[in-house]
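Let's walk through the charged pairs of this protein together. Have a look at the sequence and the fold first.

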Amino acid sequence: MKIARIEAIVVEQQLDRPFYFSQFEFQARQVCLVKAVADDGSYGWGEGYGPAAVVKAGVEFLAPLAIGENPLRVEAIWSKMHLRALDYARRGVLVAAISAIDIALWDLRGKLLGQPVSALLGGRRREDVRVYATGLYFTESDDQVGALVKEAQRYAAQGFSAIKMKVGLGVETDLRHVRAVRQAIGADIELMVDANHAYSLSEALAFARQIEPLGISFFEEPLSPEDYDGYRELRQRTSIPIAGGECEYLLAGFRQLLSMRCVDIAQPDICAAGGLTEVKRIAALASAFQTNIIPHSWGTGIAFAAGLHLVSTLDPLPGRLRMSAAMLEMDRSENALRDTLTRPQFKQVDGYVSVPTAPGLGVDVDPVQLARYAAGG
């Protein structure tokens, strides 16, 4: 059996209500999907994280390296793509293209072998994964604080036991927002903050010290992803765990992040950092540094399924009789691509989502919805 073709498909959705975070505004959501098809008609789905049209170009550049290969040789195909791109893509969107193809091949491999991806990754340690709600972006509102509070209360009412909110608009503004949300949801629900690298070291330190009494579970991407020394210093000077890595790529990038002791929690995006093949290696490296992995996830049900399978195989650190639950991000911002494009839909119950048991990733793309959202369709 051989891989017959690799298809790259851009899907897009115009948002009903634009939202923004510390770096830029979203008017629409776009994702590059990948379909890897074997010569017997079997197929697998993947996706890449990043500018969809650019990821698509990367997939089309790399696809000839996979076509004609045995679809069971996923890691060997990954190595071919990595070596082809190494001279000019040690990080960035071309790595996301590798990731998209790799995820599709893991899905295809699982279907061909009749096994869920988690079994192929080494076997799941849990059948359900704890998820945290990501949302609380900013909108053009006359009452931004009130809007954030209502959204956070909605997630709490839905059963989420952990919520992540956006910060990065400035220390004083962020303090007002975080204090209001914490008061609204109470002390029993975990609260995390994500600056999307909007702060300088001095700002991040000032902000961290003022929110320490609020019981913040982690402070995500406080600084530029290139400021490794700043991350290390901030981590040493605050009691809040520091998280980062969604803008990091490949095993070598995470080696630097981890060896410099920059983060308490590493957050590779499976759809950007090198796919399931490489993020499994990153997780093994993180375990050597006693650093937990909580993958970044912000796409369709394909990305979320890949995250569930990977996280289900992880051993939380440190190991003990009653271990804390491994976690995964569950984006709740407006996203019809996530909510209608793939099936079955993932539902959280009491803050947990069940890991798919069907072969491969356990999700498929609805052809009617694919036609509806295909760019230019």
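The questions below deal with salt bridges and their surroundings. This is a predicted model, in which local features need pLDDT of at least 70 and side-chain atom pairs count only at pLDDT 80 or more, while totals for chains, interfaces and linings use all residues. Residues are numbered from 1 along each chain as its sequence is written, and side-chain values use heavy atoms, with hydrogens and water left out.

Q: How many salt bridges does the structure hold?
A: A salt bridge here is a side-chain nitrogen of Lys or Arg within 4 Å of a carboxyl oxygen of Asp or Glu. The number of salt bridges in the structure is 21.

Q: Is E69 buried or exposed?
A: E69 forms a salt bridge with R73 at 2.6 Å, N to O. Buried means under 20% relative accessible area, exposed over 50%, and partly exposed in between (1.4 Å probe, protein chains only). R73, at 40%, is partly exposed. Because its relative accessibility is 14%, E69 counts as buried.

Q: In which strand does E220, the salt-bridge partner of K164, lie?
A: Strands are DSSP runs of E with at least two residues, numbered from the N terminus. The side chains of E220 and K164 meet at 2.7 Å, N to O. K164 is in strand β5 (residues 162-166), so the pair ties together parts 56 residues apart in sequence, and E220 lies in strand β7 (residues 216-220).

Q: What is the relative accessible area of K164?
A: K164 also meets E329 in a salt bridge of 3.0 Å, N to O. E329 is buried at 2%. K164 is buried too, with a relative accessible area of 1%.

Technical notes. Helix = DSSP H or I, 4+ residues; strand = E, 2+ residues; numbered from the N terminus.
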